[in-house]
Amino acid sequence: MDQEITLKTKVYDIVTRYPETVDTFLSHGFNLITNPVKLKTVARFVTLESACSMKKVNPELFLRELNRALAAKREAQDCCQFQIDEEQGDINIAALLPCPIAIPIKEAFKTFAEKFNHDTGLKIGLHVKAAALDLNSQPEIPYADYDLFIAPGYDHFTGNHKNYRQTNLQKMNQPFTQAGMSDPNNRYSITGAAPAILIRNRKKVSSSRLCWADLCNDNFQGKIATPLAELELQKGVIYQMFNDFGEDGLQRFARKICGEYHPAEMIKLINRRKLDHIDLFVAPLFFTKMLKNPDFEVIWPSDGAIAIPLILSIHQNAREETTKVSEYLTSADMANLLSAEGLYPTSHIATPNPIPNDTCLLWPGWERLYQVDFQQHYRKSLSLYQQYCKEMKTTTESIHSHSGESAMSDLSEKKEQFRTIDLRGESMEFLPKLLEMLDTIEAGDGLHLIKEFEPVPLYQLLKERGFIHQMEKVSDDEYHVYLQNPAVQTAAKASTMAQHIQVDAKRAEILAKIVIDFFNGANLEDLNKRSQEIFPVSAPEFAYVEQLISERGISDTQFEEQIENLIQLFKKSLDQGSDLSQFPAGHPIHTYLLENQMLKKLITALRLLIKNNDSQKASPIFWGDYIDNLSQTNNHYVRKENQLFPYLEQKGFDKPSTIMWTLHDNTRKFIKQANSACHDPSLNFAACSEQVSLAMDSIEDMIYKEEKILFPTAIAMLSEQEWIQARQGEIELDYCLIDEPPMWPTTIATGEQNQSSEQPDISGTLKLSEGLMSLEQINAIFSHLPVDISFVDSDNRVRFYNQCKERIFPRSPAVIGREVKYCHPPKSVDTVLEIIEAFRSGKQDVAEFWLTLEGKFIYIRYFAVRDANKTYQGVLEVMQEVSRIRELKGQQTLLNWASNQ
């Protein structure tokens, strides 16, 4: 019996000797075991105790879990009275099976092997490996030593075709027949196939009609995740992309990859909302049955699923009885076992498959497989893919770690002053100590490490902590790595933001490390102690660090999910707040605060009614006024989005636009749901109260964020002139629960309210392609058009919108010059950018949408604008309310003024 795992056992030894522990490791976040490079380097030298220390996992408890996994495996083995000889038998079988089917096939085969031994006196030697759990490189199986082999993919398609013959499998079901998977040369049988399909992030990708060619599209740059490249399924995907789209297509595909995962880990992270920033996932169909996150959808590519075939064949010199073994492996019973729960399609004629009728299976085909150079062609695809991924990784790391040439220049100038640590001869046990040292390195300082090999696994750890690095190779056994803590120098937007508020770089770096550790799951009690050391944290400091760490890998999705908990960590500081009472009436801050006061009063009154359980008054009329008043919150949010956020973006603070706007949309959704509930006669008072309470909670949470973080930060960043401009821009927008406030400052006359300080000269004329008009006439025509028009230039900035009477969505002067990605709710930004890129590339010229909004039918069209030379100039957006047009019937040929009244 194997020895028990101890805290001194190396992680590499545990994973490779006991594959049944993989899920336990993954469930606790030890994702390095899925990375072949880290597994073969870091994990070879790190003990379980050190790994637990690095992950802040209780080592004793985790050790018990691992040993329980071992005990369960042994118990299962002990329960099996019949054991298959995995070494030698009278008939020897080599089986490399995908992990979803490896165990069930092996267990089912035991009963057959026992009966076969009883009937024939022949012993079966079965050599089984689970392909997806084999984290080392796949071994070369000496097929000549086996009578029968069964293996997925193309690594084990031997090429020595004359030595093999087909099994008894003759007829295939429709999907496999349609794909041409019946071997015309009668040498190999395909008993089943693992389909590679796609998982769509509904928030990022609007269309569910995708094909494999779309994965080469630039719109998905760095936004696609795949299984580990070492797995048979991903190898099949790589080869199919190479076979269908050539080297250029494969390179474009590789450039879109932002991460590789074990399929089980991928689904777990999706369910835990840890991968919400990724657009698309390539995944094996089997693992998608575990998908529970409603924001993600399994889709079959429109051109078909890439099928990784399960190939079975008999050696020409095998015993005659081997045919009986193959008959069992291709029987209906085995086929039904493979297709259990319908997620591993089989070719058996009588077995139903989960493949939709409107799709098919894709694979290279027998003509390609039988070509002499197939293995060379196949290996070339894998080699090129690795090369492209490496190039992409180098570029990405360069962009991420070297944000701005000044940071790398600073490192080059200072590296000779760094402390030198010679690690040659040291094992990777030194890694935990090194990581602790990183926390003590001051901004601008660094370390100089010497190693006998390039410490590639260290680079990712450095990136996660915001460090930049340079590597110099002195010889084949001497590498020098210079690493530096660049602090705020690497953050482009945060650096811009720092120019408009007072920032203590040292305090900011301490605060940033606390917040990053928070998102990495550090102990809250420890974080509380550390935060007290820099108490109090001001609102501008908090906002600055929010911007800073987003540029160090913390995604907007993580912020959205954890913002409430993060605020609680610094609530004592934030509650001290800033004095917001000194602003005069009409000042935008005064107006925002007045609206918040009215919302608080409304919520207090509504909560009292709910508390008193006045269910007899419950009716759409009872709720109507309250919901209508709550709905005015939208006016408050629209002014922030259109008038306040643009000024903050210009100063490097774009988190309100990308995070707070999403929180606005969440509140809007809650209010809409409350309105629907209160008009649903099937719902009782309690159900309606619950929906209304959710909306009120969301509004109150936003009020806190505004008054404790957003408004104090905006006050610190914006000049008085900018506040004046913001007030002037409010004229076209509505207010929440208050009348229009007085103009501020009072020195601005009423007639000047809608005029900027520098009015454009519209006295000239412009020669058009047909005709000549004055600029004043052109301006007047735009103002009288019955459509809402906006123009975004080739740099994706808004340059114009018309002052039409039929305004559909709010507009204000602050939008001019604003990046278009900030002018839309975060959930729709990707769709807008996809349209722009399709226009820019020349693939499309028009995009149109229509929707019903508050009883109005809105028709929206986007047009690519190109000059006489077909050069892309920008996008013209045209919106029109067309309810009346849709209702027109018959004809009207005579003037009838009354019909237009």
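In which loop is Arg818 found? In this predicted model, Arg818 sits in the loop that links β19 (798-801) to α31 (826-841). A loop position might suggest a residue out in the open, but the relative accessibility of Arg818 is 4%, and because buried means under 20%, Arg818 counts as buried. Its side chain reaches the backbone oxygen of Glu641 at 2.9 Å. Leaving aside residues up to four places away in sequence, Arg818 also touches several others, including Phe645, Pro646, Trp661, Val798 and Cys823.

Strand β8 (residues 280-284) offers another view of the interior. Here 5 of the 5 residues are buried, so the strand is largely enclosed by the rest of the structure. In a regular strand, side chains alternate between the two faces of the sheet. Accordingly, Leu280, Val282 and Pro284 lie on one side of β8, with Phe281 and Ala283 on the other, and both faces are covered. Two strands pair with β8: β5 (residues 189-201) in the antiparallel sense over 5 bridges, and β6 (residues 224-227) in the parallel sense over 2 bridges. Within these pairings, Ile197 is the bridge partner of Ala283, while Ala225 is that of Phe281.

Helix α11 (residues 322-329) has buried residues too, namely Thr322, Val325, Ser326, Tyr328 and Leu329. These residues lie on the same side of α11, because they cover an arc of only 155 degrees around the axis.

Finally, the largest nonpolar core has 84 residues, and Phe109 and Trp212 have the most contacts inside it. Helix α9 (residues 232-254) supplies the largest share of this core, 9 residues. A second, separate core of 75 residues includes Ala494, Ile516, Leu566 and Ala726.

How values were computed. Residues are numbered from 1 along each chain as its sequence is written. This is a predicted model: local features need pLDDT of at least 70, side-chain atom pairs count only at pLDDT 80 or more; totals for chains, interfaces and linings use all residues. Side-chain values use heavy atoms; hydrogens and water are left out. A nonpolar core is a set of buried Ala, Val, Leu, Ile, Met, Phe, Trp, Tyr and Cys residues joined through side-chain atoms within 4.5 Å. Buried means under 20% relative accessible area, exposed over 50%, partly exposed in between (1.4 Å probe, protein chains only). Helices (H or I, at least four residues) and strands (E, at least two) are DSSP runs, numbered from the N terminus. A polar contact is a pair of N or O atoms within 3.5 Å; within protein, one must be able to donate a hydrogen and the other to accept it, and residues adjacent in sequence count only if both atoms are side-chain atoms. Contact means heavy atoms within 4.5 Å. The arc is that of the directions from the helix axis to the C-beta atoms. Two strands pair if DSSP finds at least two bridges between them.
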